[in-house]
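Student: I have the sequence and the structure open, and I would like to reason through a few of the terms used for them. Could we take them one by one?

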Amino acid sequence: MLNYRAKLKVLASLSKERVFLCVCVSELEVRQQRGGLLQGTLLLTVSDPQEPGLGSGGATLNALLVAAEHLSARAGYTVVTADVLDDAHILILHTGRDFPWDSCGRAFCWLPVEKPAQTVQGPVCCLDMLLDCLSNQVCPGSPPGVWVCSTDMILTMPTTFKMSWEGFSGVRVLALPGDVSYAANHGVYFADEQGRVRDIIYKGSEERIRRAAQPDGMVPLVSGPVFFCRRVVERLLKAHVTPPLDGCTYMGMDSGAPPIQISLFLDLLMCLCSDLSESEFVNGERTGCSSPISQQGAVVRSARALLWRILRGTTLHMVYVPGGCYDYLTLSGREHIGRLTKKGTERDTLSHIQVPYWQWWSVPFLRWSIFLGPMDVHSGCLLSGLEVTSSSHIQQLALTNDHIIQGHHIQLGEMKITVYTVLGAYDDLKVSCNDDGATFLNHRWSDLYSRTGIQPEDLWGSGRSQSLMEARLFPVFQPRGGAVGLEVGVCWLLGGPGALEQWRAVWRLSLREVLSLTDQEGELRWREALFFQVGRRRVMDNLKSQSDRGLLPSFRAAVLGGQHEELLCTLDSSDGENLGVAARCLACIADVLACLAGEGRGGLRSGPAANPAWSHAFSILEQGDLLGGVQALATERAKWLSRPDLLVRAARHYEAAGQVLLRQAVMLSQRFIYIGQGEVPPLGEWQNVECPARLDLSGGWSDTPPIAFEHGGTVVNVAVKVDGRRPIGARARRIKEPRLLLVSSSGVQDDAIAMETVCERLEDLKDHCVPYAPAALLKAVCVCSGLVTYPSRQSLDEQLLQRWGGGVEIHTWSLLPHGSGLGTSSILAGAVLAAVYRCTGRTYDTDSLIHAVLHLEQMLTTGGGWQDQVGGLVGGVKVARSKACLPLRVEVERLPLSDDFLLSLQQHLLLVYTGKTRLARNLLQDTVRRWYSRVPSIVENAGQLVDNAEECARACTEGSLPRLGACLERYWGQKKVMAPGCEPAAVRTMMDALRPLALGQTLAGAGGGGFLYLLTRQPQQGEAVRQVLNNTQGLRDFSVHPVELDMEGISLLKSS
């Protein structure tokens, strides 16, 4: 279903407070920038045109007029016209202010909730949760019209909830379940079996409320969302030109109309209730709305009569949501703490910094605060808005359970200060101090009087309500000393040091006055700064703990908030204890730079990264000086921040710098290479090595660094001969001349293409780490195997003569096409290393060879994982694993399979060459980038790759071809998640055509081309596969090849 945000044309936020509107509009604009609201949505903030307010109904009518006026102006009209409502989806939100537990009101009350789907990280407020609920569950599918909702509650809907809008016309209300006792202080809809509302009961008797009970025993609460269809909206719009309802709109008041208060539920909706007669509606006295018998009674009756004429006959339909939850944000501190801890964890913090440690008891809650530890925080406490300067005073407090300490940013004239309040979670803010249940700090007022010497006249002047809300308890300002801190008021009230005379001597405010004086703009700025500070701390904590939490949303938020410089400095400061973590830090800096450039601006992320300006920093990193290299990178980075294209190019170089550290991290596996010394063969004697290809059955990509050592990898693969032959091989011999003669050939023997490279000087090996240089693999083998040392003060001929008594000649061959996906390059590297080791008289085992190839490929800068060499060097079907740690170690287990299963597997496996060349390098770069960014789909898929590989191993061990086929099918889906674009259209056509014949199929390796292999339903299906492909339009250049399992792996042939 389409998210309602995509349709929303106008979002109007209403408030009685003009100052609060500035906060509303800035906060809504921030959400629009972060993607929570679409850019095309018109954001309006509308204040009541007079004090006191117009009531919820009057404010709705005024907001509707303002929205229609703006839409009319946008459409080029010079007057307000209802024509603009034809395709308009409008959402009107009512916001209030006074909420003792958050200075910015209920709508912007932060909650300990995280939205995993956020593309730009931001704090989650009640408003955000409401918008999500409305956009994703309540509003989708609704026709053009107006939704109206308050922001003083949290709605929770069952995930299966869905409303039908087919043929709907009229007004619709949403009702969530509540029990009778809760409903006694709220409104309840009384509806018939078809959902038509008969009456709205507000604070009714228990008997009346029970009449509204639903089959589940609960009653339908008046829960906020109301929808008016296009036809009804047009009728309401007429109010701005029709007395006395024109007194609800700014146009009417600007024209001299007297203001009038109208209730949304008890006036606008009540006139639609079927049980009410016109007389009952017009003349009825109802709690919660304007009285028809008051001084303004005649105007109220006239307005109601007009509403009856305009709206009567319209159907008011209730949608009851069993299993839903309506949570109104009351003034109860205990309820609010319960709400915060229920939505969070047992030890909750929301945007706070602590240094260095806390003493926790059960269920405290910290919110937007900075502290220095140690500190005791007891059960049921809420600490909010406190700064580091408060820490020493709070440490001295005898805090007990259920205390609420808050810091409020207020403005007194031109002076902006922080005032601190303390309350008990069980205190009732509105009851008189003389009531039996009245408390302060959860104790009777008499306890405060006797403990401190405070008298009631110190707190309440004459004529003031003697409630906690009105008690002037909280010191603000000393006439001679300026603003006061936590110690003068809160600490003393809690039993800390201080004196009654000192307390009496300062200016004090009540909680209501504090809330009314809140500097909301300053409060939000302070919270935002703390949010980004906490965000930077979390980024580093996640990096150091190697968490799988995605960081891109944090980076985007920092860039949008102008906090990128601080974030970059934080990332620059990472320590060098773990090369893997340091490599990810550099990749994160690349992400921040790309965010700064802007999505789609500056060019592609993948590209060259060898600009000479960066070479100095790269050389420092290559030398192992991490801190110096990071500083040199930052110095160069400062020169590349002025344009999107420069930012993207800088990001490429940071990715390349990260690859330097990644290579160094992987090369730590060199400790698992054990090379011995044996008898050196005679001069001129060839040492011949052949290897099979490999088919990856499951788990590929999980073997790729850094995934292999950050998450851990598991791969199942099998060694195979293609067309009856081992397609990969090498041979080496010592020769008399002190030089390196390197010959590589590819293709079948008759059409083989050979390339010869002669190295006579050490300088000829300088490009051994450039992947596309002539004979780069063979040169890298010469260096990696210790055949020669590069760089060195000794010349090449001196080294060769001294170590080996002459030069070395190496030949390699592969019968497979380039980009086959069968692991050719890694297996070939293993074959060449084995041939070189043997011709120089050195010994090795297969495990050492596997790690030597891993080391060599890092030296060659091609990256890649370990599964290819495992597949070709170890025979048969095996499972290989690496743990989530450095150094990276690969452990291989050959699966104990029956001969019958091996024969059956061989008869059901087929290779199809697709005729498409695989471009794995770009696939690898993109995948590593997305892993470093911890894109959620990639993180989840990495776990599924490992799980599927383990299931694949079990399927093979238990001899089940159908289960193996299912693993192949899942594996192909997982490959497409890791590397989008790895399935060319021609390959998709081929796989679709072969699906009826296959238990499972996948492209070999990373995909994108090369070989397709399939596990057929029937044995010996080569001819059937060939026939299907020949009959499929658009396919050409393919070939079908039989597969033979190779149980030996790397094979050492007789010397020649």
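**Strands and helices, term by term**

Tutor: Gladly! In this predicted model, strand β6 (residues 145–150) and strand β11 pair in the antiparallel sense over four bridges. One of the pairings puts Gly145 opposite its bridge partner in β11, Cys229.

Student: What makes β6 and β11 a pair?

Tutor: The cut-off is at least two bridges between two strands. β6 and β11 have four bridges, so they count as paired.

Student: How many bridges join strand β8 to β11?

Tutor: β8 (residues 171–178) is joined to β11 by seven bridges, and these strands run antiparallel. Seven meets the requirement of at least two, so β8 and β11 pair as well. Along β8, Leu176 stands opposite Leu221 in β11.

Student: Why is β11 called mostly covered?

Tutor: A residue is buried when its relative accessible area is under 20%. In β11 (residues 219–229), 11 of its 11 residues are buried, so the strand earns that description.

Student: Now the helices: why are α22 and α23 called roughly antiparallel?

Tutor: Helix α22 (residues 615–622) and helix α23 (residues 626–637) pack at an angle of about 165°, with their axes 8 Å apart. Angles over 145 degrees count as roughly antiparallel, and therefore that is the term for α22 and α23. Their crossing is left-handed.

Student: Which residues meet there?

Tutor: From α22, His616, Ala617, Phe618, Ile620 and Leu621 meet residues of α23 including Leu626, Val630 and Leu633. By class, the contact has eight nonpolar, three polar and no charged residues.

Note on methods:
Residues are numbered from 1 along each chain as its sequence is written. This is a predicted model: local features need pLDDT of at least 70, side-chain atom pairs count only at pLDDT 80 or more; totals for chains, interfaces and linings use all residues. Side-chain values use heavy atoms; hydrogens and water are left out. Axes are lines fitted to C-alpha atoms, for helices over the stretch in contact, and angles run from 0 to 180 degrees between N-to-C directions. Angles under 35 degrees count as roughly parallel, over 145 as roughly antiparallel, 65 to 115 as roughly perpendicular and the rest as oblique. A crossing is left-handed if the near helix is turned anticlockwise from the far one by less than a right angle, and right-handed if clockwise. Contact means heavy atoms within 4.5 Å. Ala, Val, Leu, Ile, Met, Phe, Trp, Tyr, Cys and Pro count as nonpolar, Asp, Glu, Lys and Arg as charged, and the others, Gly among them, as polar. Buried means under 20% relative accessible area, exposed over 50%, partly exposed in between (1.4 Å probe, protein chains only).
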